[in-house]
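Work through the exercises below with the sequence and the coordinates open. Each task is followed by a solution in steps.

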Amino acid sequence: MKCSSFVREESVVVIQDFGIQKKVTFASGRKEYKFLAKPSIQECIVNEAIVGFSVVFYVAFMVADQADMELAFEHFTPPLKELLPIFHGIRSVLFSEEPPMDRERRDTQSLEAVNKCMRQSTSGRALSTLCRQPNVEP
């Protein structure tokens, strides 16, 4: 996983009835939050970009009245194998979709990882996922 040296971790919390909260924690301890209200989120996609000589995959949100897509993780680029369970978990919580089991050949460990992140809350289903810089203490 590639990451910016100034960012310690990024997290995405998805709450079914409210939307998405993104949090970035910097090495200095400073934290930035951004909230995307559910009615403004039109779509959640996995997209690809070419960076130098590499193809990078990312999860993005198409937001109403916003020209650019909102990236789930702006400073980290987890591999596609890790992004797909996150993507399906987000869609499951936000849009009440069932994750495709047989359509894609994903390993059961990835599905179990998403299921561990999902939890019941007072507002319905929620998903919390985190990307952390390796070897960094919280």
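The exercises go from the whole chain to one sheet, then to a helix and a core. The model is a predicted one.

**Exercise 1. The chain as a whole**

Task: State how many helices and strands the chain has, and give the order of its elements.

Solution. Step 1: the secondary structure amounts to two helices and ten strands. Step 2: read from the N terminus, the order is β-β-β-β-β-β-β-β-α-α-β-β. Step 3: of the 138 residues, 39% are buried. Step 4: among contacts with a separation of 6 or more, 50% are between residues 24 or more positions apart. Step 5: the exposed area of the chain is about 8500 Å², and carbon and sulfur atoms supply 53% of that area.

**Exercise 2. An open sheet**

Task: For the sheet that contains β5, β6 and β7, find the strand order and the edge strands.

Solution. Step 1: the sheet is open, its three strands are ordered β5-β6-β7, and they pair in the antiparallel sense. Step 2: β5 (41-51) and β7 (70-71) each pair on one side only, which makes them the edge strands. Step 3: count the bridges. β5 and β6 are joined by ten, while β6 (residues 54-63) and β7 have two.

Task: Which residues are the bridge partners of phenylalanine 61?

Solution. Step 1: towards β7, the partner of phenylalanine 61 is glutamate 70. Step 2: cysteine 44 has phenylalanine 61 as its bridge partner in β6. Step 3: for a further pair, alanine 60 stands opposite leucine 71 in β7.

**Exercise 3. Two hairpins**

Task: For each hairpin of this sheet, give the number of residues between the strands and name a residue with positive phi.

Solution. Step 1: two residues lie between β5 and β6, and glycine 52 has a positive phi near 65° in that hairpin. Step 2: six residues lie between β6 and β7, and here aspartate 65 has a positive phi near 60°.

**Exercise 4. Helix α1**

Task: Test the length of α1 against the expected rise, then describe how the helix is placed.

Solution. Step 1: at 1.5 Å a residue, the 16 residues of α1 should span 22 Å. Step 2: the end C-alpha atoms of α1 are 21 Å apart, so the two values agree. Step 3: helix α1 (residues 80-95) packs on the sheet and touches β5 and β6, with its direction at about 165° to that of β5. Step 4: the buried residues of α1 include Leu83, Ile86, Phe87, Ile90 and Leu94. Step 5: just after α1, serine 96 has a positive phi of about 55°.

Task: Is phenylalanine 87 buried or exposed, and which residues does it touch?

Solution. Step 1: phenylalanine 87 lies in helix α1. Step 2: its relative accessibility is 13%, so phenylalanine 87 counts as buried, the cut-off being under 20%. Step 3: leaving out residues up to four places away in sequence, phenylalanine 87 touches Cys44, Ile45, Val46 and Val59. Step 4: phenylalanine 87 and isoleucine 45 are 42 residues apart in sequence, and their C-alpha atoms are 7.4 Å apart.

**Exercise 5. The nonpolar core**

Task: Give the number of residues in the largest nonpolar core and the element that gives the most to it.

Solution. Step 1: the largest nonpolar core has 21 residues, and Val14, Ile20, Val59, Phe61, Phe73 and Ile90 have the most contacts inside it. Step 2: at least two residues of this core come from each of β2 (7-15), β3 (19-26), β5, β6 and α1. Step 3: α1 gives the most, with six residues.

Terms used. Residues are numbered from 1 along each chain as its sequence is written. This is a predicted model: local features need pLDDT of at least 70, side-chain atom pairs count only at pLDDT 80 or more; totals for chains, interfaces and linings use all residues. Side-chain values use heavy atoms; hydrogens and water are left out. Two strands pair if DSSP finds at least two bridges between them. Helices (H or I, at least four residues) and strands (E, at least two) are DSSP runs, numbered from the N terminus. Contact means heavy atoms within 4.5 Å. Axes are lines fitted to C-alpha atoms, for helices over the stretch in contact, and angles run from 0 to 180 degrees between N-to-C directions. Buried means under 20% relative accessible area, exposed over 50%, partly exposed in between (1.4 Å probe, protein chains only). Accessible areas come from the Shrake-Rupley method with a 1.4 Å probe; for residues, only the protein chains shown count as cover. A nonpolar core is a set of buried Ala, Val, Leu, Ile, Met, Phe, Trp, Tyr and Cys residues joined through side-chain atoms within 4.5 Å. The expected span of a helix is 1.5 Å times one less than its number of residues.
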